[in-house]
Amino acid sequence: MKNLLILIITFTLITSCNSEIKNTSNTDNKTALNKSAEDVRNETLRTWQAYKKYAWGHDALAPLTKTYRNWYKKPLYISPIDAYSTLYIMGFKEETNEIENYVIDSLDFDIDIDAKIFEVNIRILGGLLSMYELSGKEEILAKAKDFADRMLPAFDTKTGIPKYWVNLKTGVARGDTVNVAEAATYTFEMGILSYYTKDPKYYQAGKKASLAIFNRRSDIGLIGDVIDVESGEWVSESSHICAGVDSYYEYLYKSYLLFGDNEMGEVWKESIKAINKYIAEDYDGKLWYGRVHMNTGEFENSVITLYDAFFPALLGLSGDTARAIRLQHTWDYVWNKYGLEPTAYDYKSGKTTYPTYDLNPEIMESAYYLFNISGDSSFYKMNEQYWADIKKYCRTDIAYTSIKNVETMEKKDYMPTFFFAETLKYLYLTFTSHNTEYQFNDYTFNTEAHPFKREHFDKEKAKIYLGFDKR
Ligand code: DMJ
């Protein structure tokens with residue numbers, strides 16, 4: 001009854017919060033979009049066309065010099081794979097068909113390059129699996145499986161935590177020192193692949209890595225942030241939720257949410273208890289998550305990163321709306337101090353320690369979640385403002401570019417692939433929250449914002465296909 005009441009209130013608030021919002025369910029009809037959604041959609045197309053003109057076949061666009069950048073000596077086609085689900089949600093059929101055809105006909109992962117396993121997992125494997133869900137094309141699932149099979153040799157270590165790089169052709173892996181995010185952000189994509197292939201080996205590899213981290217927690221329940229994959233020793237004992245750890249926590253909760261793996265749910269519950277007890281801090285009237293020592297819980301430093309702005313979304317998703325809202329206001333304060341967020345910020349000195357802004361999505365991701373969870377229109381307005389600021393400082397004649405220094409707003413010549421995958425998508429989804437078929441409660445996103453429909457994953461089947469036991 002209480003839930004029903006909250007739902008009704010939320011729905012009422014969402015539908016009444018913005019006068020431009022029209023009550024329609026037809027997302028294909030461009031006239032049904034409000035001004036903000038229409039604007040993001042048009043800008044996405046303009047940016048995609050720039051990628052196609054200047055960087056097609058390569059990993060990323062360099063928007064100032066109007067050329068391309070590749071991550072490795074051969075391209076992995078990362079921008080289109082990352083962009084696909086955003087273009088699909090926006091209804092760009094011709095563009096998404098073109099990407100599907102390229103992936104099916106021309107993409108070959110048998111390349112002699114050492115790929116960073118964390119990055120390619122969230123972008124390529126996550127992107128391909130989402131492409132499979134949205135397109136329904138079996139050939140795309142085959143590509144995803146082929147790619148994951150090339151990643152798996154990296155997990156063959158004494159701890160089960162993968163090495164940093166894996167050679168896509170030979171399977172030779174290297175790099176024994178990894179941060180926690182690189183160590184254990186795999187259960188979501190690997191679980192989805194296990195579900196669709198009915199082969200538990202993928203999820204089991206990802207879960208082993210996550211549990212290897214959790215099982216090395218201290219007596220007070222905290223983990224460090226850098227680990228040796230062979231010895232299992234902590235290389236750094238700093239405990240935080242910042243860049244380098246962030247998505248480990250995200251995947252604990254999301255694996256429980258999407259697949260119903262209760263063991264992962266318990267790991268999340270225990271972890272968040274320790275985080276809130278030792279890491280959360282009230283400072284200057286705001287909520288912050290800084291850095292403490294994993295064994296003692298003693299404060300180490302107050303440098304946070306803009307990646308941490310994902311945490312309000314995770315707190316909100318897992319039911320702690322009050323903390324989520326407070327934390328989002330903290331991030332909103334940091335954003336407004338500069339007009340964009342700096343990559344690193346010391347909340348006690350009030351200064352940035354690394355002033356770059358790379359078109360990152362996290363603060364907009366959290367505003368999107370909180371608008372949908374609480375129905376409070378101030379989160380919608382936050383995203384309207386962040387979008388206006390991005391247009392003001394990052395827009396170029398052909399696309400958008402990163403900022404070298406948020407104090408001077410000097411531009412950098414690079415557009416990361418997650419701008420397509422995440423930033424534009426979360427903005428668009430916020431502005432269409434009322435009238436999209438991609439309803440917030442129906443989807444779970446990987447850490448690169450690739451969407452997966454919750455009802456596609458039957459929890460009883462997941463238990464078998466992913467090979468975990470119900471508790
Ligand atoms: C994205 O690649 C992913 O969200 C990742 O988890 C960390 N953040 C970047 C974008 O900022």
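**Ligand site and two helix pairs**

An oxygen atom of the ligand lies 3.0 Å from an N or O atom in the side chain of N360. The model is a predicted one, and this distance, like the others below, is computed from it. Two glutamates make similar approaches. In the side chain of E362, an N or O atom is 2.8 Å from an oxygen atom of the ligand; for the side chain of E422, the corresponding distance to a ligand oxygen is 2.9 Å. On its own the ligand has 290 Å² of accessible area, and the protein covers 92% of this.

The residues around the ligand include N360, E362 and E422. P361 is also in this set, as are I122, R123, Y307, F418, T447 and E448.

One of these residues leads on to a helix pair. I122 is among the residues around the ligand, and I122 in α5 is also among the residues that meet α8. Two packed helices are described by the angle between their axes and the distance between the axes. For helix α5 (residues 117-135) and helix α8 (residues 187-197), the axes come within 10 Å and cross at roughly 35 degrees. The crossing is left-handed. From α5, the residues involved are N121, I122, L125, G126, L129, Y132 and E133, and from α8 they are E189, M190, I192, L193 and Y196. Sorted by class, this contact has eight nonpolar, two polar and two charged residues.

A second pair is formed by helix α2 (residues 35-55) and helix α15 (residues 377-394), whose axes come within 12 Å and cross at roughly 35 degrees. The crossing of α2 and α15 is left-handed. Here α2 contributes S36, D39, V40 and E43 to the contact, while α15 contributes E384, W387 and K391. By class, the contact of α2 with α15 has four charged residues, two nonpolar and one polar.

Key
Residues are numbered from 1 along each chain as its sequence is written. This is a predicted model: local features need pLDDT of at least 70, side-chain atom pairs count only at pLDDT 80 or more; totals for chains, interfaces and linings use all residues. Side-chain values use heavy atoms; hydrogens and water are left out. Axes are lines fitted to C-alpha atoms, for helices over the stretch in contact, and angles run from 0 to 180 degrees between N-to-C directions. Helices (H or I, at least four residues) and strands (E, at least two) are DSSP runs, numbered from the N terminus. A crossing is left-handed if the near helix is turned anticlockwise from the far one by less than a right angle, and right-handed if clockwise. Contact means heavy atoms within 4.5 Å. Ala, Val, Leu, Ile, Met, Phe, Trp, Tyr, Cys and Pro count as nonpolar, Asp, Glu, Lys and Arg as charged, and the others, Gly among them, as polar. A residue is near a molecule or strand if one of its heavy atoms lies within 4 Å of it. A polar contact is a pair of N or O atoms within 3.5 Å; within protein, one must be able to donate a hydrogen and the other to accept it, and residues adjacent in sequence count only if both atoms are side-chain atoms. Accessible areas come from the Shrake-Rupley method with a 1.4 Å probe; for residues, only the protein chains shown count as cover.
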